Amino acid sequence: MEIYNPSVKKNVRNTEAAFPAGVRIRGPMRPCFEKILTKEALEFVAALERKFRPRVKYILQCRKEQQARYDAGELPSFDPATKAIREGDWTCSPPPAAIADRRVEITGPVERKMIINALNCGAKMFMADFEDSLAPTWDNIMHGHINLRDAVNRTITYEDKARNKSYKLNSKTATLLVRPRGWHLLESHIEIDGEPATGALMDFGFYFFHNHASYRAKHGGYGPFFYLPKMQHSREAAVWNAVFDWAEDTCSVPRGSIRGTVLIETLPAVFQMHEILYELREHSAGLNCGRWDYIFSFIKTVRAHPDRLLPDRVQVGMTQHFLKSYTELLIQTCHKRGVHAMGGMAAQIPIKDNPAANQAAQELIKADKLREVLAGHDGTWAAHPGLVPLVLEVFDKNMPTPNQLHVKREDVSVICADLLQMPKGKRSLDGLRLNTRVGVQYLAAWMSGTGSVPLYNLMEDAATAEISRVQNWQQIKYNAVLDGGLVPGMRVTKELFARVLDEELIRIEKEVGPAKFASGKYKEAAVLFAKQCTAPELDDFLTLDAYRYIVTHAPSARM
């Protein structure tokens, strides 16, 4: 069997071929890319793009109009026009046997070794990620599709020459789920009719086209299974449902085979949970508490409200009332509709050189997971294979059944005020420093092609950088008073932030070492992070601005 090593990146000459009219490949070709970029697959993706691009543009425009209303003083709320859906007696299709038990899911980028380790680690599910934990370089995206194809076909192997170690799949592995990019992200390396492809449609299209038959054969006729990120309204779920219908019909797959779990990771979406499930009801696999992005969205949504400044992000935990209310309402909603209510990420990772700190981290994870399972969640996320046994132990002890769909949580009564209640805590100079230090380091890694980064004993993805950025922006915008830490009463200004940024760059250099600092993109990241934190208007996503740094167009732009 051939051992594949994605570190080999020799260019392959772009050759003129009979690819579909209107499709332009702008990224350089590498070995094996042609196995993904077949004429038939490109036709499938191009057809998806042409059919759904207008709807994607419409829902993104609706987001802008919705945010304009919030900026003018409105706050999110339940929609009176859809009250009948929220109060109606309907359910989603029951979960297939392949995803009935999801008690522990591990997540990570679509990197080859990561996929093998995650599928082997003992978790019930593995969410392979094209979104927040992956920097969407052309090579990362294309190698990701190659890796997933090989994983579905069980031919995936990896050779780590530095460690003289080979990796392959165990006989029993986790069930694979895939998270495509959010609706807002474009793919600059493929143009369709002169416009960049929609990242979500490209990720879904290539993966579904190449793998649906093999996947369904291994999972009782169901699948593939997906996670759907960053939605704000049920109209966005309706687009995904239409995409699923079209893909199933086009490939002669029975309706309802595809299932998608929606991450509730935006503040507007928490008021639309019944409606989102209703739109996806034949294709729904439930909802997930995307807690870190949810905090980011909370700040972003109320960005024009100077009375809504959050405390240091380390104090905004899941026991805060607005987050506790969000999770309880999600569980109640999912179980009323007969689908899974998935818990959030435990971001801690094993601390190998400090047993006391490692034990403390494990206790935090146990407490977090115990809270989730006792609340009625059907499963949860872990960030590292080494934590899967610990999380499994908590759920196995407290959830003897495959799931908790029978736990209806009829005791829960959540109103708008609960979901909008401001968290308690203080803002400090240390909090500003941590936001800046983490934001710069994550962005430096992302600009270098790495989207999942261990920082200060936590596995961080784009959500942490986004929280750091928008919180800094909000505090600078409104000259927030720092009421905690060693220097209470100080106001956050652009001048203070500039000084903090300079000092934190010095600290980063000491922590990572002069050689790594010099060879990394820390200075470039600091410039971009500062620009984002001090901009007159807040950008929706940090990665939209950063994406241009990782685009690599080939000299010849057509195959």
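Strand S7, covering residues 186-192, pairs with strand S8, covering residues 195-198, and the two run in the antiparallel sense over 4 bridges. Keep in mind as you look that this is a predicted model. To find one of the bridges, start at glutamate 191, whose bridge partner in S8 is proline 196. Together S7 and S8 form a hairpin, with 2 residues between the strands. Look in the turn for aspartate 193, which has a positive phi of about 55 degrees.

Now let's widen the view. The UniProt record, an unreviewed entry, places the feature "domain: Malate synthase TIM barrel" at residues 175-421. Over residues 175-421, the chain is 46% helix and 17% strand. If you pick out the C-alpha atoms at the two ends of this stretch, you will find them 38 Å apart.

Next, move along to a pair of helices: H15, residues 429-447, and H19, residues 522-534. Their axes come within 8 Å and cross at roughly 120 degrees. An angle of 65 to 115 degrees would count as roughly perpendicular, and one over 145 as roughly antiparallel; H15 and H19 are therefore oblique to each other. The crossing of H15 past H19 is right-handed.

Which residues of H15 and H19 meet? On the H15 side you can follow Asn435, Thr436, Gly439, Val440, Gln441, Leu443, Ala444 and Met447. Facing them from H19 are Tyr522, Glu524, Ala525, Ala526, Leu528 and Phe529. Sorted by character, the residues of this contact between H15 and H19 comprise 9 nonpolar, 4 polar and 1 charged.

Definitions and conventions. Residues numbered from 1 in each chain as written. Predicted model: local features only at pLDDT ≥ 70, side-chain atom pairs only at ≥ 80, totals over all residues. Heavy atoms only, no water. Pairing = 2+ DSSP bridges. UniProt positions renumbered as here; feature names shortened; annotations may be inferred. Axes fitted to C-alpha atoms, helices over the stretch in contact; angles between N-to-C directions. Parallel < 35°, antiparallel > 145°, perpendicular 65-115°, else oblique. Left-handed = near helix turned anticlockwise from the far one by under 90°. Contact = heavy atoms within 4.5 Å. Nonpolar A, V, L, I, M, F, W, Y, C, P; charged D, E, K, R; others polar.
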